[in-house]
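Thanks for coming. I will take a few minutes to walk through one model, residue by residue where that helps. Please have a look at it first.

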Amino acid sequence: MANLDNGPARKLKAERNRALYATLMDVLEECRTTRKAELVSNRISRIWLAEQIGCDLKTLSNSPRLRNYIKTWERHHFSTLEHAVRRVQQTLPETDAEAVEGNVLMFRKLTDDGRIVQASYRKSPRTIVPIPTLVWRDGIDVEVSDYSRYLILKTNLDEDSVEEYVKVLRIFTRYRRGLGVTWRMVDDNTLLGWQVQMLGADIPVPRRNYCLTIVYAFYRWAEDTGRLKYHVRIARRTDYPRDMYDYQFPISSVEVKSKARRGTRVRWQTPLTERIGHGGYGFRHTPNTEQINELFGLVRQDGEHGVRNHLMMSWALECGARLHELLQPTLDDLPSMDQISELMDSDTWVIKVKRKGQKGKTGKLILSADLIFRTLEYIRFERKAVVEKCRAAGKEPSEFVFISSRTGQPLHGDSVTRICGKIFRAAKVERANIHRLRAAFITQEVERCLDAVEHGGNSMDLTSNWHETVLTMAAQLMGHTSILSLRPYLNQLLVRRLQREAAKKEGLEPTDAELQRTSHEFAAANADLIRAMGLRMRHNFKEAAEIIEKQLIDTKRLSENTILMAA
């Protein structure tokens with residue numbers, strides 16, 4: 001019965017909204033004619049408007065059509081109004097933070113959390129622009145408010161977007177004030193600590209990246225305008241004085257190059273943002289060690305094609321082959337019997353492949369001897385059976401290594417994605433496919449090079465001069481011609497390490513420090529600990545301590561049981 005009433009109810013609501021819109025137009029036209037209206041904070045009082053058109057304040061605020069019309073009207077006609085009628089401060093609701101007396105903003109007593117108020121700026125004789133302004137109990141936040149004014153007047157960003165920026169800066173300012181850090185003392189460690197806090201509060205990765213990007217843009221603006229000097233890196237090392245080559249900027253940056261219509265676009269951004277895939281299914285997940293073991297355990301259970309499918313996944317994981325690359329090798333690309341001794345001496349075998357979308361350019365796959373021997377074993381047994389079956393049916397099989405058991409022709413990329421997709425779903429590894437095994441390989445190789453540089457006594461952080469060395473080493477090991485595609489993997493590894501260090505500096509227990517990892521599967525497996533961290537951030541220390549104590553007791557019992565079983 002409720003479903004039958006929905007249609008007439010929606011129709012009635014639509015008719016009411018149209019009537020309100022028409023009434024609003026008449027009221028504002030009368031304001032323009034008489035040049036009089038009730039004003040608050042140098043704009044038309046929304047309470048007065050709601051009374052004039054016959055609706056409540058909530059309706060006026062929640063209707064995009066009414067709200068946008070009022071803003072557009074104020075932008076063009078506000079300067080024509082006479083300040084003849086004003087709402088006095090005593091009649092303002094408790095939620096309002098300011099009242100207007102002439103051209104002076106009068107603020108109520110504010111809380112420590114700060115308020116965002118709309119200060120007015122006369123851009124021209126006929127145009128008054130509202131500027132979102134952050135106000136604390138001890139006064140206006142000058143730097144944030146200047147940045148807000150810059151965004152509206154210089155970049156022509158709309159008021160709603162700027163207000164959202166100010167809200168993010170308010171959250172960050174609240175965090176750094178809690179640490180006793182002034183805005184000039186903020187560095188990478190401060191940003192990492194804030195990132196850790198957001199992680200503990202279950203804030204999603206896109207939102208964490210958005211907040212970090214806004215704060216970074218604020219400090220980048222402060223550096224560009226001279227409010228800060230040599231605090232944020234905004235250029236290459238060679239563009240700074242020579243004596244600053246080893247200087248460590250408090251807020252680091254990474255250079256990002258992207259293709260544009262006219263050449264290459266270069267921009268600087270914070271390296272602290274966490275990587276997010278842009279596939280159709282959203283965030284792409286890189287399998288961890290436990291999930292990889294589960295995947296390869298399941299693929300072995302496929303009796304008919306288990307060896308072939310296991311081998312394709314091994315090529316992606318062990319040599320970083322892209323999907324179109326692992327389908328290119330033919331039997332002639334593998335070592336012959338006369339070349340086996342050469343393979344044993346070098347312990348690796350190189351296969352040249354064509355790069356996708358790059359005319360005439362080739363790359364190379366570096367396969368271990370063990371992977372080559374497993375491939376030769378597949379050719380000798382499982383593939384040979386497929387060849388004989390196809391020839392018996394009058395079909396001549398292809399010379400490619402990986403072929404279809406039904407046609408004997410080379411496998412199509414979509415077929416491999418579908419085959420491996422079933423395996424990933426069976427292993428309950430979401431948002432991933434065979435393509436992400438290559439990402440696991442790259443991460444492993446870059447981390448191996450990173451460890452080698454650190455073991456040599458070199459410090460590796462977000463501003464280290466050894467980044468190029470690590471990336472060059474990894475590129476040589478993997479046969480890459482460019483290091484640009486490897487940089488996101490290095491940045492992500494450095495961020496994860498710094499997150500763990502930041503967690504230790506926060507004084508967290510070892511089990512809490514593990515919560516700072518950005519792996520989603522870990523967060524799902526440790527929901528109680530993440531909830532405890534969120535409680536701590538909200539100052540509910542007693543409840544958080546009870547949860548952590550319970551986890552420690554359970555861990556201790558598990559260890560004791562393991563020792564008894566081993567005995």
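I start with one pair: the side chains of His-285 and Gln-291 are joined by a polar contact of 2.9 Å. A polar contact here is a pair of N or O atoms within 3.5 Å; within protein, one must be able to donate a hydrogen and the other to accept it, and residues adjacent in sequence count only if both atoms are side-chain atoms. His-285 belongs to the loop between strand E10 (263-269) and helix H9 (289-299). Helices (H or I, at least four residues) and strands (E, at least two) are DSSP runs, numbered from the N terminus. With a relative accessibility of 7%, His-285 counts as buried. Buried means under 20% relative accessible area, exposed over 50%, and partly exposed in between, with a 1.4 Å probe and protein chains only.

Some housekeeping. This is a predicted model, in which local features need pLDDT of at least 70 and side-chain atom pairs count only at pLDDT 80 or more, while totals for chains, interfaces and linings use all residues. Residues are numbered from 1 along each chain as its sequence is written, and side-chain values use heavy atoms, with hydrogens and water left out.

Now the overall figures. The protein has 22 helices and twelve strands. Of its 567 residues, 43% are buried. Among contacts with a separation of 6 or more, 55% are between residues 24 or more positions apart; contact means heavy atoms within 4.5 Å. The exposed area is about 32100 Å², with 51% of it supplied by carbon and sulfur atoms. Accessible areas come from the Shrake-Rupley method with a 1.4 Å probe, and for residues only the protein chains shown count as cover.

Next, two residues towards the start of my list. Glu-74, in helix H4 (residues 64-77), is buried, at 11% relative accessible area. What does the side chain of Glu-74 reach at 3.0 Å? The backbone nitrogen of Ile-44. Beyond neighbours within four places in sequence, Glu-74 is in contact with Arg-43, Ile-44 and Arg-46.

Ile-44 comes up again with Leu-49. Leu-49 sits in helix H2 (residues 46-53) and is buried, its relative accessible area being 0%. Not counting residues up to four places away, Leu-49 touches Leu-24, Val-27, Leu-28, Ile-44, Leu-60 and Ile-70. For Leu-24, the C-alpha to C-alpha distance to Leu-49 is 8.0 Å, across 25 residues of sequence.

On to the aromatics. The whole structure contains 15 aromatic pairs. Rings of Phe, Tyr and Trp (its six-membered ring) pair if their centres lie within 6.5 Å; planes under 30 degrees apart count as stacked, over 60 as edge-to-face and the rest as tilted. Phe-172 and Trp-194 are edge-to-face, because their ring planes are at 65°, with the centres 5.0 Å apart. That pair links distant parts of the chain, 22 residues apart: Phe-172 is in helix H6 (residues 159-179) and Trp-194 in helix H7 (residues 188-200). Both Phe-172 and Trp-194 are buried. Elsewhere on the list, one aromatic cluster is formed by Tyr-147, Tyr-150, Trp-183, Phe-218, Tyr-219 and Trp-221.

Two arginines also lie over rings. The charged end of Arg-65 sits over Tyr-21, 3.8 Å from the ring centre, and Arg-177 lies over the face of Trp-136, 4.4 Å from the centre of that ring. The test is NZ of Lys or CZ of Arg within 6 Å of the ring centre and within 35 degrees of the ring normal.

Now two helices. Helix H10 (residues 306-319) has 14 residues, which should span 20 Å at 1.5 Å a residue, and its end C-alpha atoms are indeed 20 Å apart. The expected span is 1.5 Å times one less than the number of residues. Why call H10 largely enclosed by the rest of the structure? Because twelve of its 14 residues are buried, including Arg-308, His-310 and Trp-315. After H10 comes Gly-320, with a positive phi near 70°.

Helix H16 (residues 435-455) has 21 residues and reaches 31 Å between its first and last C-alpha, close to the expected 30 Å. Just after H16, Gly-457 has a positive phi of about 90°.

Last, the loop between helix H15 (413-426) and H16, where Lys-428 is placed. Most residues other than glycine have a negative phi. Lys-428 has a positive phi, near 60°, and is exposed at 73% relative accessibility. Arg-431, in the loop between H15 and H16, has a positive phi near 55° and is partly exposed at 32%.

That is my list; questions are welcome.
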